[in-house]
Amino acid sequence: MAKNYRVTLIEGDGIGPEICAEMKKVVAATGIKIQFDEAFAGQKGIEKCNDTLPDKTLALIKKNRVAIKGPLTTPIAKGFGSINVLLRKKLELYANVRPVKSFPHVSPYPNVDIIIMRENTEDLYSGIEHEIAPGVVESIKVITRVASTRIAKYAFEYAKRNRRKIVTAIHKANIMKLSDGLFLACAQQVAKSYPGIEYKEMIVDNACMQLVTKPSQFDVLLLENLYGDIVSDLCAGLVGGLGLVPGGNIGKKFAVFESVHGSAPDIAGKGIANPIAMILTLGMLLEYLNESEAAQAVRQAVVNVLKAQKIKTPDLGGKNSCGEMGDALAAEVKKLIK
Ligand code: ATP
């Protein structure tokens with residue numbers, strides 16, 4: 001008998017509601033029964049509960065264990081920390097997984113197939129900043145053995161499960177000898193337990209150059225939090241932009257799926273956002289729920305629609321709306337599932 005899933009949904013701010021509406025069309029097309037329990041955070045959290053991350057929202061994610069969310073806007077005013085960072089810390093979502101793969105016709109680089117494994121809980125995102133004297137400030141980069149080992153293990157386990165061949169740790173240990181040095185030492189230690197997977201290291205500036213000149217050499221990238229953030233957007237550019245890259249934040253108990261892009265306030269409400277990243281993010285969620293056939297169909301539907309070159313949102317050089325792209329993908333998924 002088909003399973004009924006309950007998943008917490010945070011539509012988010014900016015283009016969030018538009019792309020979530022398209023994501024729901026694709027869920028319906030897969031035939032998988034998912035009941036979405038809606039929760040609020042970000043700007044909507046403030047409007048509804050006077051809190052960017054209300055306790056009710058956290059409780060609902062913990063209850064269902066799995067959530068999918070659109071982008072959240074962190075108010076620029078002083079006193080508001082990043083909600084995304086807070087959510088990842090509160091739920092111990094230590095692994096940020098972002099598959100970046102080339103698509104037909106829209107990707108400037110044809111042979112990219114990279115999994116970004118970004119540590120999600122520490123580094124310069126520790127939020128520890130202070131002024132030590134007028135005109136002199138410090139932001140603290142925190143790297144621990146526990147968190148570095150945990151993300152390295154996750155990366156190697158992922159590589160083993162998905163038949164990936166190389167894990168490359170990205171670092172700047174020549175300058176940050178202690179912090180990045182510890183991150184590397186943990187990765188080296190973990191790598192010893194996986195003799196079937198090649199382990200490499202690359203300095204972050206060289207890695208950025210190599211990613212732009214020869215991205216096909218990379219397989220799984222293992223990165224600290226800040227390098228992971230920057231390299232994720234770089235890699236999104238290799239395959240056609242932020243509208244195409246999904247993501248998942250995974251912990252021991254909970255998982256929250258969200259695409260790489262932000263709330264894109266410049267195009268919000270215009271109906272022109274690209275829903276593909278959000279729909280591929282749904283694909284990752286389906287994989288997490290072990291609904292592999294549906295997950296595969298979602299990914300294949302994106303490939304087929306882009307190959308046909310009939311429907312393209314403006315970020316991909318076309319004129320179609322977010323809704324038209326969602327409709328096309330839902331129709332394709334339906335065809336593939338039957
Ligand atoms: P954040 O700091 O939250 O990551 P940001 O301001 O760095 O946000 P985005 O909100 O992701 O970045 O937007 C960067 C650019 O990419 C904007 O011009 C935006 O319109 C575009 N963009 C982002 N997501 C999409 C999408 N799904 N479809 C089309 N364009 C997008």
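# Helix packing and three buried residues

Helix α1 passes helix α9 in a right-handed crossing. The structure is a predicted model. This briefing describes that helix pair and then turns to Asp219, Val106 and Ala155, each of which is buried.

**The pair α1 and α9**

- Two packed helices are described by the angle between their axes and the distance between the axes.
- Helix α1 covers residues 16-30 and helix α9 covers residues 276-288; their axes come within 9 Å and cross at roughly 45 degrees.
- That angle makes α1 oblique to α9, because an angle counts as oblique when it falls outside the ranges for roughly parallel (under 35 degrees), roughly perpendicular (65 to 115) and roughly antiparallel (over 145).
- On the α1 side, the residues that meet α9 are Ile19, Cys20, Glu22, Met23, Val26, Val27 and Thr30. On the α9 side, their partners are Met278, Ile279, Leu282 and Leu286.
- Sorted by class, this contact between α1 and α9 has nine nonpolar residues, one polar residue and one charged residue.

**Asp219, in a loop**

- Asp219 lies in the loop between α7 (204-213) and β10 (220-223).
- The relative accessible area of Asp219 is 10%, so this residue counts as buried, the cut-off being under 20%.
- The side chain of Asp219 is joined to that of Arg164 by a polar contact of 2.9 Å.
- When neighbours within four places in sequence are left aside, Asp219 is in contact with Asp113, Ile114, Ile115, Arg164, Lys165 and Ile166.

**Val106, in another loop**

- Val106 is placed in the loop between β4 (95-101) and β5 (113-119).
- With a relative accessible area of 12%, Val106 is buried.
- Apart from residues up to four places away in sequence, Val106 touches Val239, Gly240, Leu244, Leu306, Lys312 and Leu316.
- Val106 and Gly12 are 94 residues apart along the chain, and a separation of 27 Å lies between their C-alpha atoms.

**Ala155, in a helix**

- Ala155 belongs to helix α5, which comprises residues 145-161.
- Ala155 is buried, and its relative accessible area is 0%.
- Not counting residues up to four places away in sequence, Ala155 touches Met117, Val167, Val220 and Leu222.
- The C-alpha atoms of Ala155 and Ala187 are separated by 9.5 Å, with the two residues 32 apart along the chain.

Key. Residues numbered from 1 in each chain as written. Predicted model: local features only at pLDDT ≥ 70, side-chain atom pairs only at ≥ 80, totals over all residues. Heavy atoms only, no water. Axes fitted to C-alpha atoms, helices over the stretch in contact; angles between N-to-C directions. Helix = DSSP H or I, 4+ residues; strand = E, 2+ residues; numbered from the N terminus. Left-handed = near helix turned anticlockwise from the far one by under 90°. Contact = heavy atoms within 4.5 Å. Nonpolar A, V, L, I, M, F, W, Y, C, P; charged D, E, K, R; others polar. Buried < 20%, exposed > 50% of the residue type's maximum accessible area, 1.4 Å probe, protein only. Polar contact = N/O pair within 3.5 Å; in protein donor to acceptor, adjacent residues only side chain to side chain.
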